[in-house]
Amino acid sequence: MTSNLHPIERSLKKLELLRDHGQGLLMPDIDSQEGWFSVANLVTENQLTENLFQRLMSHYKATRLRPPAMFWFGHYAYTIELITFACFAVEGRVPDLSASQVWMRLGETTDIQNVAWTGRSFAALPNDLDASHPDCIVLPTREALREYMREQLIAHFAPLVDSISAFSSLGKPGLWEIAAEYTAFAFVALGELLGDEAIGVEESRAFSATRSRLSPRRSFIPIDHIGTTHYLLDRISCCLYYQVEGGKYCHSCPHRPVEERIDLMKQYWNEQAAQAV
């Protein structure tokens, strides 16, 4: 029964319902499957990091580590951001983002199969039903909670950015740019899951109002399509997917002219609408 769960376990359980394939990305603890490691392990154990990068190069048939490393980091950052933002927007809470408390398992293709949020401390507002819980950090306002979330995300990504940059020769500014722009994509995806992209855009703008390493440098492009307004971030960063074997420019890639990005997104929305019928 959920009533017997820790408050943050209940939050993660509720967030599973946001997406059909969300289960597994929201585990409150590691299970008996092999291959678990924490983010702290990844950034402090050279052999673990080398193994990950060797697998990336093998899977993508890459001769250089930079493209697959950037592509993988972007996917990781997006996953952590989406779940954290959902917890904030839906539950009014921020989970423990300490590198030692976030664990993951990777699939055969190095995709993220599971993320376990093993930490039990969480931040919440005074009116939270579990504000008196000993693991709760009570913050006075939603703005203070958002600031805390931003600081926790930056602290979480910082050692990973340092490690990936050291192993791959990717520049730290480029890695931070990817992480920043993926906050916008994560917020829009969250809004879509909640039934209104505008909710995500509003949250993204509030998150970026205080300039930080996670603030995108450009704004959203509103796109009216079949009676609905969608939002596409005007990106300046590139995940480098086009540089791996079989890769190509993403629909939102800054290497494409803006008009081409918009046309491709409209094609994508048309395909999504057709599948929903």
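Is Arg10 buried, partly exposed or exposed? Arg10 is partly exposed, with a relative accessible area of 26%, where buried means under 20% relative accessible area, exposed over 50%, and partly exposed in between (1.4 Å probe, protein chains only).

1. Basis of the note. This is a predicted model, in which local features need pLDDT of at least 70 and side-chain atom pairs count only at pLDDT 80 or more, while totals for chains, interfaces and linings use all residues. Residues are numbered from 1 along each chain as its sequence is written, and side-chain values use heavy atoms, with hydrogens and water left out.

2. Arg10 and Asp130. A salt bridge is taken here as a side-chain nitrogen of Lys or Arg within 4 Å of a carboxyl oxygen of Asp or Glu, and by this rule the count comes to 14 salt bridges. One of them joins Arg10 to Asp130, with the closest N and O atoms 2.6 Å apart. This pair links distant parts of the chain, since Arg10 belongs to helix H1 (residues 7–15) and Asp130 to the loop between strand S5 (122–124) and strand S6 (136–138), 120 residues apart. Helices (H or I, at least four residues) and strands (E, at least two) are DSSP runs, numbered from the N terminus. Asp130 is buried, at a relative accessible area of 14%. Both residues also belong to a network of salt bridges that links Arg10, Arg93, Asp128 and Asp130.

3. Lys14 and Glu91. Helix H1 carries another salt-bridge partner, Lys14, whose side chain meets that of Glu91 at 3.0 Å, N to O. The pair again links distant parts of the chain, with Glu91 in helix H4 (residues 66–91) and Lys14 in helix H1, 77 residues apart. Glu91 is buried, with a relative accessible area of 17%, whereas Lys14 counts as partly exposed at 45% relative accessibility.

4. A salt bridge within one helix. Arg150 and Glu147 form a salt bridge whose closest N and O atoms are 2.1 Å apart. Because these two residues are three residues apart in helix H5 (residues 142–168), about one helical turn separates them. Arg150 counts as buried at 3% relative accessibility, and Glu147 is partly exposed, with a relative accessible area of 28%.

5. The three-stranded sheet. Two strands are said to pair if DSSP finds at least two bridges between them, and on that basis there is an open sheet of three strands in the order S2-S5-S6, with mixed pairing. Its edge strands are strand S2 (93–95) and S6, each of which pairs on one side only. Neighbouring strands of this sheet are turned by 25° against each other on average, direction ignored. S5 and S6 run parallel and are joined by three bridges, and Ala123 has Ile137 in S6 as its bridge partner.

6. Helices against that sheet. H1 packs on the sheet, touching S2 and S5, and its direction makes about 100° with that of S2. H5 also packs on the sheet, touching S2, S5 and S6, with its direction at about 15° to that of S2. Contact here means heavy atoms within 4.5 Å, and the axes are lines fitted to C-alpha atoms, for helices over the stretch in contact, with angles running from 0 to 180 degrees between N-to-C directions.

7. Strands S1, S3 and S4. Four of the five residues of strand S3 (residues 102–106) are buried, so this strand is largely enclosed by the rest of the structure. Strand S1 (residues 37–38) runs antiparallel to S3 and is joined to it by two bridges, with Trp103 in S3 as the bridge partner of Ser38. S3 also pairs with strand S4 (residues 112–117) in the antiparallel sense, over five bridges, and Leu106 stands opposite Ile112 in S4. S3 and S4 form a hairpin with five residues between them, and in its turn Thr110 has a positive phi of about 70°.

8. The loop before H7. Gly195 lies in the loop between helix H6 (172–193) and H7 and counts as exposed at 65% relative accessibility. Between Gly195 and Ile154 there are 28 Å in space, C-alpha to C-alpha, and the two are 41 residues apart in sequence. Ile199 lies in helix H7 (residues 197–209) and is partly exposed, with a relative accessible area of 36%.
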